[in-house]
Amino acid sequence: MDPRLTEILQAEGFPVSGIVDVAAVREEYALHADRYGKWVADGKHGEMGYLSRGLDRRLNPELVFPGVKSVLAVLRPYPPHPVGDGGLRYARYLNGPDYHEVIQTALTRSMERWKSESVEGDGLEYKVCVDTSAVLERTWALLAGLGWIGKNTLLIHPQLGSYVFIGVVFLNREFGARPAPLKDYCGPCERCLSACPVGALESHDLDSRKCISYLTLEKRGPFEKPVDLHGYVAGCDLCQEVCPYNTKAVRRTGPVPPAPHLVLDEEELLLESESGYRDRIKGSALSRVKFPDFKRNLAFRRNGGSTE
Ligand code: B12
């Protein structure tokens, strides 16, 4: 990869990046695509209809960006410290502005800068995807050599751990790049599997329908059966907290105070109006959760798993 591009990306907050040519990894990609197809066929995506609607595009990246020749993948770490007071918890990735916007803007700025500064960037066309298109982001990050896929299904980087967002850029040019895949350093460790209190995880496989993250963020309307949300009102980090690679990342960085939209206590949240909620979460990734579903999570978490 052009060292100038690496430099530009680092300056924009992406310490780790890599490029892979699509033609060089066709066979590996096909294995991932098959896995994805089977996962959806088994219904493990729950009610996330966009995952079944986007099946063809995920299986064939040409449909997302015609003429795609290579893929740039980047990682952006987010604060690895817990958010909430123990009794009321938010997933860590919510502790900041909406990552879709931040990463989309920073990646676009990086690509424009590279195009203007480098011969390699001449005539380059690209499409930035941050959870915004039908793209297998973890697969591309793995194939671009940025980490391995842990038993909790998350991409793990040996130094940064898994508290990272992934960004992907489809490019119309080959770079002769086929990075060596990183070794899987999970070994026999199964802490993440045992830590999931709702049994959503088997090795490298997640059933969203049971997952606290899915239930609190993606599930609309009432829950079908009682579930203990383990204090979470949005997202869940239980399968990440126990990962030794994340423990190291926490030790390396100082604590970060909670973002303003995550500081209300339970009493304040219970009294909050719909317009108050909308104002509070504006510009954060929590805006994925609509008011009635946030109230459902709050009530449900409080009842300790009872649907009453
Ligand atoms: C749908 C979705 C969810 C769903 C389903 C999660 C899941 N495990 O699939 C729900 C709502 C539960 C969810 C939760 C979370 N999510 Co989410 N989610 C996505 C989304 C939009 C699609 C994921 C997907 O396609 N899943 C389907 C499964 C089958 O695909 P997969 O797990 O990626 O597995 C592929 C590869 O890993 C590979 N693979 C895995 N193991 C193996 C083994 C072999 C042998 C082979 C060949 C291949 C292979 O095959 C699969 C098919 O390609 C992505 C963004 C994107 N567009 O990719 C973000 C994304 C995966 N989520 C992300 C995050 C941060 C989270 C949470 C941590 C948020 C939170 N704290 O609550 C949790 C983590 C829960 C968990 N353990 O996965 C990040 C993950 C970053 C990382 N380090 O991996 C992503 C990449 C968003 C981003 N741009 O940063 N998420």
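How many residues of domain 1 are in contact with how many residues of domain 2? Keep in mind as you look that this is a predicted model. The count comes to 36 residues of domain 1 touching 43 residues of domain 2.

Let's start with the two domains themselves. The protein chain is split into domain 1, made of residues 3–82 plus 92–171, and domain 2, which runs over 191–302. Measure between their C-alpha centres and you get 23 Å. Now for the area that the two parts hide from each other. The size of an interface is often given as the accessible area lost when the parts come together. Here domain 1 and domain 2 bury about 3100 Å² between them, and 53% of that is on carbon and sulfur atoms. On the domain 1 side, His 81, Leu 94 and Lys 151 lose the most area to domain 2, and together they make up 20% of what that side buries. There are charged pairs here too: 4 salt bridges are found across the interface of domain 1 and domain 2. Elsewhere in the list of side-chain pairs, you can look up Asp 237 and Arg 92, which meet in a salt bridge at 3.1 Å, N to O.

Next, find helix H2, residues 26–41. H2 has 16 residues and spans 22 Å from its first C-alpha to its last, close to the 22 Å expected at 1.5 Å a residue. Which of its residues are buried? They are Tyr 29, His 32, Ala 33, Tyr 36, Trp 39 and Val 40. Look down the axis of H2 and these buried residues fall within an arc of 120°, so they line one face of the helix. The spacing has a simple background: an α-helix has 3.6 residues a turn, so residues three or four places apart point the same way. The face of H2 turned away from the buried side carries exposed residues, namely Glu 27, Leu 31, Asp 34, Arg 35, Lys 38 and Ala 41.

What do the buried residues of H2 pack against? Their partners are helix H3 (49–53), helix H4 (55–59), helix H6 (137–143) and strand S10 (205–206). Just after H2, Gly 43 takes a positive phi of about 80°.

Follow that last partner, strand S10, and you arrive at Leu 206. With a relative accessibility of 18%, Leu 206 counts as buried, because the cut-off for that is under 20%. Setting aside neighbours within four places in sequence, Leu 206 is in contact with Trp 39, Lys 44, Thr 153, Ala 200, Leu 201 and Cys 211. Take Lys 44 from that group: Leu 206 and Lys 44 are 162 residues apart in sequence, yet their C-alpha atoms are 7.3 Å apart in space.

Thr 153 is worth a stop as well. You'll find Thr 153 in the loop between strand S6 (148–149) and strand S7 (155–156). Is Thr 153 buried or exposed? At 14% relative accessibility, Thr 153 counts as buried. Beyond residues up to four places away in sequence, Thr 153 touches Arg 138, Leu 201, His 204, Asp 205 and Leu 206. Its backbone has a twist to notice: phi of Thr 153 is near 75°, a positive value in a residue other than glycine.

His 204, one of the residues Thr 153 touches, also has a positive phi, near 60°, and is not glycine either. His 204 sits in the loop between strand S9 (201–202) and S10. With a relative accessible area of 28%, His 204 is partly exposed.

Technical notes:
Residues are numbered from 1 along each chain as its sequence is written. This is a predicted model: local features need pLDDT of at least 70, side-chain atom pairs count only at pLDDT 80 or more; totals for chains, interfaces and linings use all residues. Side-chain values use heavy atoms; hydrogens and water are left out. Helices (H or I, at least four residues) and strands (E, at least two) are DSSP runs, numbered from the N terminus. Buried means under 20% relative accessible area, exposed over 50%, partly exposed in between (1.4 Å probe, protein chains only). Contact means heavy atoms within 4.5 Å. The expected span of a helix is 1.5 Å times one less than its number of residues. The arc is that of the directions from the helix axis to the C-beta atoms. Domain bounds come from an automatic or database domain assignment. Buried area is the accessible area (1.4 Å probe) that two parts lose on being put together, summed over both.
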